[in-house]
Amino acid sequence: MTTRLRVLDDGAWISVNDGREVRVSELWRLDAPELCECALTDLVVENFQSVGVDGSTVEVRAYGQCIACGATGTTGWIPVGRVRGGEFTELDRSAVRRVRR
Amino acid sequence: MPTDVENWKSEVYGNEIRDRLFEFAEEGFDSIPDDERDAWFERFKWWGLYHQRNGQEGYFMMRIGTPNGVLEPGQLRTVGEIADEYARGPGVNPIFGGAYADFTTRQSIQLHWIELSDVPAIFEKLEENGLSTQQACGDSWRNIVGNPVAGKDGQEVIDAWPVISELNETFKGNDDHANLPRKWKVSVTGSADGSGQGDINDLAFEPAYKAVGGGSGGDGAGGETEDTVGFNVRVGGGLARNEPRFARDIDVWVPPDRVPDVAGGLSALFRDYGDREDRYNARVKFLVDEWGADEVRETLQEEYVDFELETAGRDVREEYTYNAGEGERNDLIGVHDQKNGENFVGLNVLVGRMGADDVLELADLAEEYGSGEVRLSQRQNVVVTDVPDDALDEFLDEPLLDHYSPSPSPFMRGSVACTGTEFCSLSIVETKNRQVRFARWLKANVDLPDDVDEFHIHLSGCTASCAQPQIADVSLRGMKTRKDGDPVEALDVGLGGGLGEDPQFARWVTQRVPVDEVPGALANLVESFAAERDEGESFRAFVARYDDDELDALVEPEETDYEDPMMHNTKRTWYPYAEDDAMEDAPPTPADD
Ligand code: HEM
Ligand code: SF4
Ligand SMILES: [Zn+2]
């Protein structure tokens with residue numbers, strides 16, 4: 001089964017199979033040394049740049065700002081959820097997220 | 001590779017969307033095939049329908065494009081009636097009630113909670129009354145803006161209204177210009193005050209004199225009497241995405257009758273050369289960055305017009321005052337002279353939002369005291385035109401004007417706010433209701449120096465900059481921060497922006513101030529301004545004297561007795577003011593009747 005993944009409305013949200021699933025304005029804890037020097041980046045997600053899938057894992061690249069140090073930038077591919085049988089489940093938003101590739 | 005949006009547009013776009021829209025409306029929201037929703041929601045924008053954010057499935061924002069903000073007699077009543085009947089949803093706003101209209105920064109009108117099944121009836125009513133939502137959103141010619149009192153303004157150099165009307169006739173529903181790489185925002189101004197805000201549009205026509213038909217150029221001394229009035233042309237302004245640009249002078253002057261040729265030429269140039277692979281890079285401002293103004297001019301001349309372009313004429317920019325931070329007529333609020341001896345009266349609409357009852361009452365008053373016409377400014381305010389001298393006092397005594405004042409407090413007067421998390425998917429914070437609370441608190445607690453009667457504060461929920469934050473005295477932009485470890489809504493603070501002869505974007509000096517500390521920060525800032533300013537100095541000039549760090553030090557965030565009930569992540573709610581606001585409590589998609 002193919003999954004339709006899109007960044008829509010200028011990066012405001014991620015559409016999975018024509019449903020709104022992941023949205024901007026969340027705070028993500030990231031292990032992302034390439035973005036800033038904080039032990040964990042505390043990222044406000046302002047914009048999605050791209051979305052892809054690796055196996056069943058949906059990943060995005062997001063633009064945002066670390067609210068601890070003020071650094072801005074675009075992340076690597078960060079997992080945000082899984083698709084199984086056409087159903088999307090979002091990953092726990094409070095968990096620390098890591099770039100997968 | 002073309003984007004999904006480009007693919008959808010190449011399949012169905014423009015006028016032809018309407019038939020399908022009506023079919024879906026007839027058969028119900030669920031008749032939109034599951035795997036075509038993204039595509040149709042994208043296309044509906046062309047007809048002014050923008051799906052509201054997550055948690056509000058099946059509800060639309062509807063934008064009505066009123067060229068130059070002109071509402072002819074009776075049209076405001078139509079808007080009020082439609083708002084009253086159709087712009088009601090499951091969420092009730094604690095300040096504005098259950099039905100309201102938003103007057104926008106581009107002289108349009110937005111209604112919320114519109115259901116698809118009501119669209120045909122709404123369109124019928126709009127169109128019977130000469131109004132339309134066509135191209136109000138989407139990748140095409142958007143609502144054309146300008147000085148709203150064109151044709152009436154005592155300060156006018158040239159009446160831009162016939163030009164705007166012709167552009168609107170020519171480019172609305174025009175298949176050759178229906179599918180552009182991105183939105184295309186045009187401003188045509190004929191007055192010397194700069195109130196068309198051309199500098200922040202994709203394409204701007206601004207008044208200029210030129211000696212044409214032989215003789216020396218327009219800038220020589222003494223030639224003034226033979227000068228013809230027309231327009232200079234600027235291209236590539238816009239505020240979105242941390243990439244603000246002022247429109248660039250392409251060294252072209254056009255007489256009024258050639259404006260459609262030049263505007264159409266530039267729109268076609270954008271259609272053909274704009275970036276369709278990357279929507280983030282698509283606005284014409286980026287093409288102007290890449291090419292430079294000279295190449296834009298050359299390409300326009302060689303490929304898109306069949307007459308010799310004139311070089312730029314003598315402009316009147318040194319007279320610009322609108323949103324300029326100093327001088328008279330920073331806005332159009334208050335009583336002003338019309339050319340015909342009557343008056344136009346600008347009324348302040350705090351954050352541009354007016355309850356449907358008030359809209360209807362204003363329509364009555366406009367008929368009773370004026371011609372029935374009402375116009376909308378780019379500062380989200382309304383202007384009642386054609387009020388004769390002998391009706392003025394009585395009009396000004398109307399109780400409705402206690403709320404929509406012609407002489408408001410500077411903080412009320414200067415407030416502009418975008419849609420924000422209440423309805424917008426891109427937003428990071430709540431905006432309109434918060435700005436209302438800010439303005440009320442500032443009015444009650446902060447004194448500006450006596451000679452300062454305007455102070456512009458613009459609040460945008462994200463970097464898209466719909467509230468035009470970068471051209472205000474104080475710019476506020478949605479962010480997040482942690483306070484005592486908990487995530488809270490915050491605002492970045494920018495200072496010293498404005499238009500005028502030499503427009504200036506605000507400098508972002510202080511980052512991520514928790515929202516409850518923003519009023520205190522502004523109070524401290526105003527206090528420093530009052531204490532440190534030179535005699536008669538404007539806030540904008542004051543800011544210009546300091547570097548960013550010095551300004552940051554003047555901001556001083558502080559808790560006060562201001563309370564902010566929307567500090568938590570309002571985006572996690574389905575509607576921030578609902579009693580049960582959790583996403584799980586979101587109302588079901590509206591059922592078909
Ligand atoms: C993907 C989402 C959106 C983006 C990127 C976006 C972007 C923009 C930008 C860039 C402007 C004009 C600023 C300038 O360059 O001068 C604008 C105008 C505006 N937008 Fe949005 N916007 C979005 C969604 C919305 C939504 C959902 C609403 C309301 C429900 C909204 C309300 C407004 C308003 C009120 C204006 C001033 C408008 C006019 O008359 O055209 N926006 N938007
Ligand atoms: S500025 Fe951002 S938050 Fe505000 S209406 Fe525009 S897109 Fe939405
Ligand atoms: Zn950091």
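Let me begin with how the two chains meet: 32 residues of chain A are in contact with 36 residues of chain B, and I should say at once that this is a predicted model, so that everything I report is computed from it. Put together, chain A and chain B bury an area of about 2700 Å² between them, and carbon and sulfur atoms account for 42% of that area. On the side of chain A, the three residues that supply more than any other three are A:Asp10, A:Arg20 and A:Ser25, which give 24% of the area that chain A buries against chain B.

Turning to the polar side of this interface, there are seven salt bridges between chain A and chain B, and 17 residue pairs are in polar contact, counting pairs with both residues at pLDDT 80 or more. As for where the contacting residues sit, the elements of chain A that give two or more residues to the side touching chain B are strands S1 (5-8), S2 (13-16), S3 (19-23), S4 (27-31), S5 (41-54) and S6 (57-66). Of these, S5(A) gives the most, with six residues, and by class the residues on that side of chain A divide into twelve nonpolar, eight polar and twelve charged.

Two salt bridges are worth looking at individually. In one, A:Glu26 pairs with B:Arg572, the closest N and O atoms being 2.6 Å apart. In the other, A:Asp9 pairs with B:Lys45, again with the closest N and O atoms 2.6 Å apart; A:Asp9 lies in the loop between S1 and S2 of chain A, while B:Lys45 lies in the loop between helix H3 (37-44) and strand S1 (49-51) of chain B, so this pair joins two chains. For context, a search of the whole structure finds 58 salt bridges over all chains.

A:Asp9 brings us to the first ligand. Ligand 1 lies between chains A and B, and of the 23 residues around ligand 1, those that come nearest are A:Asp9, B:Tyr50, B:Thr104, B:Lys185 and B:Cys466. Which protein atom is the donor of the iron atom of ligand 1? The only protein donor is the SG atom of B:Cys466, at 2.7 Å, and B:Cys466 is placed in the loop between strand S17 (457-460) and strand S18 (474-483) of chain B.

Several contacts reach oxygen atoms of ligand 1: a polar side-chain atom of B:Arg63 lies 3.1 Å from one oxygen atom, a polar side-chain atom of B:Ser108 lies 3.4 Å from an oxygen atom, and for B:Leu239 a backbone N or O atom lies 3.2 Å from an oxygen atom of the ligand. The elements that give two or more residues to the shell around ligand 1 are strand S2 (59-65) and strand S5 (108-115) of chain B, and S5(B) gives the most, with three residues. By class, that shell has eight nonpolar, eight polar and seven charged residues.

Finally, we come to ligand 2. The residues around ligand 2 include B:Cys418, B:Cys424, B:Cys462 and B:Cys466, and B:Cys466 is the residue we have already met as the only protein donor of the iron atom of ligand 1. How many charged residues are there in the shell around ligand 2? There are no charged residues in that shell, which divides into six nonpolar and six polar.

Methods. Residues numbered from 1 in each chain as written. Chains lettered and ligands numbered in written order. Predicted model: local features only at pLDDT ≥ 70, side-chain atom pairs only at ≥ 80, totals over all residues. Heavy atoms only, no water. Donors = N, O, S within 2.8 Å, 3.2 Å for Na, K, Ca; no water. Helix = DSSP H or I, 4+ residues; strand = E, 2+ residues; numbered from the N terminus. Contact = heavy atoms within 4.5 Å. Buried area = accessible area lost by both parts, 1.4 Å probe. Salt bridge = Lys/Arg side-chain N within 4 Å of Asp/Glu carboxyl O. Polar contact = N/O pair within 3.5 Å; in protein donor to acceptor, adjacent residues only side chain to side chain. Nonpolar A, V, L, I, M, F, W, Y, C, P; charged D, E, K, R; others polar. Near = heavy atom within 4 Å.
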